[in-house]
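Colleague: Let's go through this model step by step. Short answers, please.

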Amino acid sequence: MKKIGIFYGSSTGTCEDLANRIAGKLGVPAADVYSADKLTVDKVKDYDVLILGSSTWGDGDLQDDWYDGVKTLKSADLSGKLVALFGCGDSESYGDTFCDAIGVLYEHLKNTGCTFIGNDVSTEGYSFSSSIAATDGHFVGLALDDVNESDKTDQRIDAWVAGLKSSL
Ligand SMILES: Cc1cc2nc3c(=O)[nH]c(=O)nc-3n(C[C@H](O)[C@H](O)[C@H](O)COP(=O)(O)O)c2cc1C
């Protein structure tokens with residue numbers, strides 16, 4: 001059984017709530033769900049699978065708690081690790097940078113030797129004009145808009161988690 005750790009960056013609690021919901025659906029214990037500012041190289045070593053989430057702030061930026069977390073991830077050995085990304089944003093007010101933080105995490109990690117899973121989420125059903133997390137009709141992780149489309153969140157998480165389970 002692969003050990004899963006979930007790390008989230010959240011300013012007002014939305015991404016934290018989503019991290020906990022994803023944990024619940026994957027059967028990940030609460031003790032393995034952390035704010036991104038708790039990330040250490042030793043914690044990275046503890047897990048086979050890292051599920052990393054961030055809300056998007058500013059103009060397409062990572063949430064602040066990822067500031068040191070990204071450095072930690074890049075200094076850790078991620079070869080052999082499975083990495084899944086998720087994030088939340090607001091596609092109505094920030095349609096040009098919707099869930100960009102997922103794409104920022106992806107750019108930081110794509111050359112670290114990790115293997116991405118859950119990285120073929122169709123953009124169908126979303127309304128946004130641009131996102132660095134999306135190419136060719138697919139997000140590189142699970143994009144959620146709990147501000148405008150909270151009614152779709154459970155269904156989106158369920159589909160993504162089912163895909164993750166088949167990759168584990
Ligand atoms: C000042 C500000 C800037 C934001 N910038 C973006 C953005 O560039 N892209 C996006 O998708 N959402 C953006 N959002 C929306 C937040 O990501 C959204 O409210 C999210 O649910 C917050 O999650 P959190 O509580 O986990 O931090 C922004 C919100 C605010 C208030």
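Colleague: Over how many bridges do β7 and β9 pair?
Modeller: This is a predicted model. Strand β9 covers residues 138–139. Its pairing with β7 runs in the antiparallel sense. The number of bridges is two.

Colleague: Which residue of β9 stands opposite V121?
Modeller: β7 spans 121–122, and its partner β9 spans residues 138–139. The residue facing V121 is F139.

Colleague: Which are the edge strands of the open sheet with the order β7-β9-β8?
Modeller: The sheet has three strands with antiparallel pairing. An edge strand here pairs on one side only. That fits β7 (121–122) and β8 (134–135). The edge strands are β7 and β8.

Colleague: Now the ligand. Where does the ligand sit?
Modeller: The shell around the ligand holds 20 residues. S10, T12, C15, T56 and T97 are the closest. As for the site, the ligand sits in the largest pocket.

Colleague: Which element gives the largest share of the shell around the ligand?
Modeller: Two elements give two or more residues to this shell: α1 (14–26) and β3 (49–57). The largest share is three residues. It comes from β3.

Colleague: How many residues of the shell around the ligand are charged?
Modeller: Seven residues of the shell are nonpolar. Eleven are polar. The charged ones number two.

Colleague: Which residue places a polar side-chain atom 3.0 Å from an oxygen atom of the ligand?
Modeller: T14 uses a polar backbone atom, 3.1 Å from a ligand oxygen. D90 also uses a backbone N or O atom, at 3.1 Å from an oxygen of the ligand. The side-chain contact at 3.0 Å comes from W57.

Colleague: What percentage of the ligand's exposed area does the protein bury?
Modeller: Taken alone, the ligand exposes 650 Å². Of that area, the protein buries 84%.

Key:
Residues numbered from 1 in each chain as written. Predicted model: local features only at pLDDT ≥ 70, side-chain atom pairs only at ≥ 80, totals over all residues. Heavy atoms only, no water. Near = heavy atom within 4 Å. Polar contact = N/O pair within 3.5 Å; in protein donor to acceptor, adjacent residues only side chain to side chain. Areas by Shrake-Rupley, 256 points an atom, 1.4 Å probe, with all protein chains shown as cover. 1 Å grid on protein atoms, 1.4 Å probe; cavity = no way out; pocket = protein on both sides within 12 Å on 5 of 7 lines; lining within 4 Å. Sits in = over half its atoms within 2 Å of the grid points. Helix = DSSP H or I, 4+ residues; strand = E, 2+ residues; numbered from the N terminus. Nonpolar A, V, L, I, M, F, W, Y, C, P; charged D, E, K, R; others polar. Pairing = 2+ DSSP bridges.
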